[in-house]
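Got your viewer ready? Load the model below, switch on side chains and ligands, and follow along stop by stop.

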Amino acid sequence: MKIRAAVLEQFGKPLEVQEVEIAPPREGEVLIRLEACGICHTDLYTASGADPGGYVPCVLGHEGAGVVEEVGEGVTLVAPGDHVVTLFSPQCGRCSHCVSGRTNLCLAVREQQGKGYLPDGTTRLSRQGNPIRHFMGTSTFAECTVMPEIALAKVRADAPLDKICLLACGLTTGLAAAIHRAGVEPGATCAVFGAGLVGLGAVAGCRLQGAGRIIAVDPSPARLEIARRHGATDLLEGGPKVVDRILEMTGGFGADYTFEATGLVSVMGQAVEAARLGWGLCTILGVAGQGEKLEIVPRLLITGRRVCGGSFGGARGPVDVPRFVDLYMEGKLDIDSLVSHHLTLEEVNRGFELMEKQDGVRSVIQF
Ligand code: CU
Ligand code: ZN
């Protein structure tokens, strides 16, 4: 079948929207007709050539939502007509990690996914017989995609796909980090560094957990205002004095929970320092540049601070994403304010430009 897709042909060049061939789903795979897809920094990072694991040609995009059109042999988790959110972080339920119950890092597809292939080591995307590789196992800058059934979150059909696609990546990362990874408890004091989609998700997650105080830190006053709408009680501009400010605000001790969502190692260091003496937990969510290191003074750890991290915030997509969709539909989670621009697939490169200009939180492609 022919579909339109945004192909990364060359690093550092705009994506080229063109017709490509998509093959039917094989065993355990599902063909999804996408209705919406968010444009994320990770797509831009790979398109720019900065990602050491990048490859071309490939179809980027990973924040997708759509409707199941066709299922391959043996598929039991979804059926045609089901609404789904795409997951770059699947859950097979069978590998040693999945059965451990201790991590969301499923081992089932990792190796092939990192190389741009579906789990059987091939692609469903091609052009004149030449394979085009998948990206993050999702490739959602396209009218349709083929993915393993274990990498889909089945969601209620009345939820608008152009909003809940944001739960495919950053928003769920922040929410899950606060709710599951850190397990913020009622009354806790929290500090969130970075008010992009991940940080705003963490702010919302802290609020949903009943945090008493949520300090949001970001250089952009506009993003801080959005953080306030999501539950931040105190807004700080950031900079070298921000740790001192947080210590002042917390009786000299620091916050019970801190979250880092910038990818800057200097800010990660601040998030560790701002965690409370005795028991503060710092959760690192941002992706640092290649080769960068986080330096921590050991005394901070000896005196009880802890540091953890979490890919996808520790979320188990097939379970957690539908729950977060419910929270949205119940009015407990605001996603609408996070979608700043609606674009067509043809305008995907404009989405990258808007992101580079830091114009709004998220652009969403509608197909
Ligand atoms: Cu993303
Ligand atoms: Zn697994």
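Start by selecting the zinc ion (ligand 2): its 4 donor atoms subtend angles of 104 to 119 degrees, so the arrangement is tetrahedral (for four donors, all angles between 85 and 135 degrees). For reference, the ideal angle for four tetrahedral donors is 109.5 degrees. Show Cys92, Cys95, Cys98 and Cys106 as sticks, and you'll see their SG atoms coordinating the zinc ion (ligand 2) at 2.3 to 2.4 Å. Donors here are N, O and S atoms within 2.8 Å of the metal (3.2 Å for Na, K and Ca), and water is not among the atoms, so sites may look incomplete. Along the chain, the donors of the zinc ion (ligand 2) are spaced C-x2-C-x2-C-x7-C. Color by accessibility and cysteine 92 and cysteine 98 both come up buried; that is under 20% relative accessible area, with exposed being over 50% and partly exposed in between (1.4 Å probe, protein chains only).

A quick note before moving on: this is a predicted model, where local features need pLDDT of at least 70 and side-chain atom pairs count only at pLDDT 80 or more, while totals for chains, interfaces and linings use all residues. Residues are numbered from 1 along each chain as its sequence is written, chains are lettered from A and ligands numbered from 1 in the order in which they are written, and side-chain values use heavy atoms, with hydrogens and water left out.

Next, jump to the copper ion (ligand 1). Its donors are Cys40 (SG), His62 (NE2), Glu63 (OE) and Cys169 (SG), at 2.0 to 2.8 Å. This site is tetrahedral too, with angles of 88 to 133 degrees among the 4 donor atoms of the copper ion (ligand 1). The spacing of these donors along the chain reads C-x21-H-E-x105-C. Pick out cysteine 40 and histidine 62: they are 22 residues apart and link distant parts of the chain, with cysteine 40 in the loop between strand S3 (29-38) and H1 and histidine 62 in the loop between S4 and strand S5 (63-71). (Helices are DSSP runs of H or I with at least four residues, strands are runs of E with at least two, and both are numbered from the N terminus.) Cysteine 40 counts as buried because its relative accessibility is 5%, and histidine 62 is buried at 0%.

While you're in this part of the chain, select valine 56 and proline 57. What kind of peptide bond joins them? A cis one, with omega about -10 degrees. Proline 57 sits in the loop between helix H1 (41-48) and strand S4 (58-59). Most peptide bonds are trans, and most residues other than glycine have a negative phi.

That second point leads to two glutamines. Glutamine 128 has a positive phi, near 45 degrees, and is found in the loop between strand S7 (125-127) and strand S8 (130-132). It counts as exposed because its relative accessibility is 76%. Glutamine 358 also has a positive phi, near 55 degrees; look for it in the loop between helix H12 (348-356) and strand S18 (362-366). Glutamine 358 is partly exposed, at 49% relative accessible area.

Go back to strand S7 and click serine 126. Serine 126 is buried, with a relative accessible area of 18%. Leaving aside residues up to four places away in sequence, serine 126 touches Val20, Glu21, Pro131 and Ile132, where contact means heavy atoms within 4.5 Å.

Now select every cysteine. How many disulfides does the structure hold? The count is 0, taking a disulfide as a pair of cysteine sulfur atoms within 2.5 Å. From cysteine 58, the nearest cysteine sulfur is that of cysteine 37, 13 Å away. Cysteine 58 counts as buried, at 0% relative accessibility. For cysteine 165, the nearest cysteine sulfur also belongs to cysteine 37, at 6.6 Å, and cysteine 165 is buried with a relative accessible area of 0%.

For the last close-up, select helix H9 (residues 265-273), where Val267, Met268, Gly269, Gln270, Ala271 and Val272 are buried. The buried residues of H9 pack against several elements, including strand S11 (189-193), helix H8 (242-249) and strand S14 (257-260).

Finally, zoom out to the whole chain, with its 12 helices and 18 strands. Its radius of gyration is 20 Å, close to the 21 Å that the globule rule gives for 367 residues, so the chain is as compact as a globular protein of that length (radius taken over C-alpha atoms; the rule is 2.2 Å times the number of residues to the power 0.38). Buried residues make up 56% of the 367 residues.

Methods. Tetrahedral: all angles 85-135°; square planar, octahedral: opposite > 155°, others 65-115°.
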